[in-house]
Amino acid sequence: MSTISRDRWRRILAGSLALGLIVALTFSHAAITRAQDTPATLTWITNPANNHAYAVLTGCASWHACEAGAVAEGGHLVAVNNADEQAWLVDTFDGTTLYWIGFTDEAQATVWVWTTGEAVTYTNWYPGEPSNSAGTEHYALMNWTVPGQWNDGHALAAINLGIVERTSAPPTSTAEASETLTRTATLTTTPPTATPVLPLRLYLPALWRQDLGYLPGG
Ligand SMILES: [Ca+2]
């Protein structure tokens, strides 16, 4: 039976522990970095015509994710209630980027409703839309070919952006700042306990004792 020296085993054990520690630190650092990368506070813009607040939601992987994100922000995907609101949206958020809006016929095909529950008072479909291509397009997006105009899309179409509309004022900047501070505080690891500093009157005798070899390192 071959023998491996005790030292060799110790080195292997120490190496494994060090590797484990490096892996653990790497993953915990990655987790903290990801937490800090969570979407920033939305930039809200108020429409003076109705005093509603609007913002662009980013990174939502589906129409449903965008609507859920809008609800989490205290609103819904935008309901475009008239031509003035449509024009304001194009002027404010640009007329060439595709954005999900809160219009769907998922409950009943061809019966389009706003997720806000508001009555449908205005539509702005691009000519030939909604086409319900392949029978799977039940969600509206705006800026299709013509600024502002709508197309129906599959829920998983790679739009990834939505416009959220709140009927109430957005969180105040103070509240946002406070929320950010709270989040930052949660992410910050507790600093190590500081080494207590001896009062001078205790410190001098301690040095003296150290000289005499009473304390470690003396
Ligand atoms: Ca609206």
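1. Overall make-up. The chain has 5 helices and 8 strands. This is a predicted model. Read from the N terminus, the order of elements is α-β-β-α-β-α-β-β-β-β-β-α-α.

2. Burial and contact range. The chain has 218 residues, and 22% of them count as buried. Take the contacts between residues at least 6 apart in sequence: 61% of these join residues at least 24 apart.

3. The main nonpolar core. The largest nonpolar core has 28 residues. Those with the most contacts inside it are Leu77, Val78, Trp100, Ile101, Leu141, Ile163 and Val164. Which elements supply at least two residues each? Among them are the helices α2 (63-72) and α3. The strands β2 (52-58), β4 (99-104), β6 (139-142) and β8 do so too.

4. Leu77 in detail. Residues up to four places away in sequence are left out here. Leu77 then touches Cys66, Glu67 and Ala70, along with Trp100, Ile101 and Gly102. Its other partners are Thr115, Gly162, Ile163 and Val164. Of these partners, Cys66, Glu67 and Ala70 also appear among the buried residues of α2.

5. Helix α2. Which residues of α2 are buried? They are Trp63, Cys66, Glu67, Gly69 and Ala70. These five cover an arc of only 160° around the axis, so they sit on the same side of α2. The general geometry fits: an α-helix has 3.6 residues a turn, so residues three or four places apart point the same way.

6. Cover and exit of α2. What lies over the buried residues of α2? The cover includes β2, β3 (76-77), β4, β6 and β8. After the helix comes Gly74, with a positive phi near 85°.

7. Helix α3. This helix spans residues 83-93, and its buried residues are Gln86, Trp88 and Leu89. Seen down the axis of α3, they fall within an arc of 160°, and therefore line one face of the helix. The face turned away from that buried side carries the exposed residues Ala83 and Asp91.

8. Cover and exit of α3. The buried residues of α3 are covered by elements including β1 (45-47) and β8 (161-166). Strand β8 is also listed in the cover of α2. Asp94 follows α3, and its phi is positive, near 85°.

Conventions. Residues are numbered from 1 along each chain as its sequence is written. This is a predicted model: local features need pLDDT of at least 70, side-chain atom pairs count only at pLDDT 80 or more; totals for chains, interfaces and linings use all residues. Helices (H or I, at least four residues) and strands (E, at least two) are DSSP runs, numbered from the N terminus. A residue is buried if 20 or more other C-beta atoms lie within 10 Å of its own, exposed if 12 or fewer, and partly exposed in between; C-beta atoms are placed from the backbone. Two residues are in contact if their C-beta atoms, placed from the backbone, lie within 7 Å. The arc is that of the directions from the helix axis to the C-beta atoms. A nonpolar core is a set of buried Ala, Val, Leu, Ile, Met, Phe, Trp, Tyr and Cys residues joined through C-beta atoms within 7 Å.
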